[in-house]
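Welcome! Here is a short tour of one protein surface and its aromatic rings.

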Amino acid sequence: MKKLFIVFFLFISISVIAQKTNRHTPILQKGWYLSFNPHSILEPEQGAVGLGIGNRLNNHIEIWTELNYLYKGFFHGGTDFKNLHGIRSTTSFKYYYNNKYGFFVGADFRIKNYSLDDKNTFINLLTHDTLKNFQYKPSHTLIGGGIFWGKRFKLTANGKFELEGNIGVGVKQRIIERKN
């Protein structure tokens, strides 16, 4: 029984070593691919659903864009607005400086346009004029960009399914147009 136990753990350790070396094979999947962000559906303020498409042009350069439909998120805890809808587009350019481990740097450009129905109380502190439960329809446009650093992980040995994580900084400009 002891020998069987030792052989079993030896087999497990050999298979783990084999998987470990396979995990660091280069990420060289070139060509077109589709992407989906499963977490965007559960974003708290504005849920989003959509698809992305990308192209790995060569071993180092990749372009990617995603288009989403926006709606009121499931976990929104703010004001009780209605009829939130809009679109969000994100485009990224990535440069893979280490293909063996999947490290990259990139630039990101975003545009988001959405509108909603809301009502609020507005108080003019100068004239002490008050509008209670005033209904209005704001339209928001956000334009932004940023730079980021990240890593891509293979989820399958053939590289068909991958997971990506990144961190970065950026700026945005918000334009709000209120209509009543």
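The report below looks at a surface patch and then at ring contacts.

## About the model

This is a predicted model, where local features need pLDDT of at least 70, side-chain atom pairs count only at pLDDT 80 or more, and totals for chains, interfaces and linings use all residues. Residues are numbered from 1 along each chain as its sequence is written, and side-chain values use heavy atoms, leaving out hydrogens and water.

## A nonpolar patch

Ten side chains may catch your eye: Leu57, Ile61, Ile63, Phe93, Tyr95, Tyr97, Val105, Phe109, Trp149 and Ile167 together form a nonpolar surface patch with about 950 Å² of accessible area. Such patches join nonpolar side chains (Val, Leu, Ile, Met, Phe, Trp, Tyr) within 5 Å, using residues with over 30% relative accessible area and no salt bridge; a salt bridge is a side-chain nitrogen of Lys or Arg within 4 Å of a carboxyl oxygen of Asp or Glu. Areas come from the Shrake-Rupley method with a 1.4 Å probe, and for residues only the protein chains shown count as cover.

The largest share, 3 residues, comes from S4. Strands (DSSP runs of E, at least two residues, numbered from the N terminus) S3 (61–72), S4 (82–98) and S5 (103–124) each supply at least two patch residues.

## Paired rings

The structure holds 5 aromatic pairs, meaning rings of Phe, Tyr and Trp (its six-membered ring) with centres within 6.5 Å; planes under 30 degrees apart count as stacked, over 60 as edge-to-face and the rest as tilted. Phe93 and Phe109 are edge-to-face, because their centres lie 6.1 Å apart and their planes at 70 degrees. Phe93 is in S4 and Phe109 in S5, so this pair ties together parts 16 residues apart in sequence.

Phe103 and Trp149 are stacked, at 5.6 Å centre to centre and 20 degrees between the planes.

Key. Patches are made of residues with over 30% relative accessible area and no salt bridge: like charges are joined within 9 Å, nonpolar side chains (Val, Leu, Ile, Met, Phe, Trp, Tyr) within 5 Å. Helices (H or I, at least four residues) and strands (E, at least two) are DSSP runs, numbered from the N terminus.
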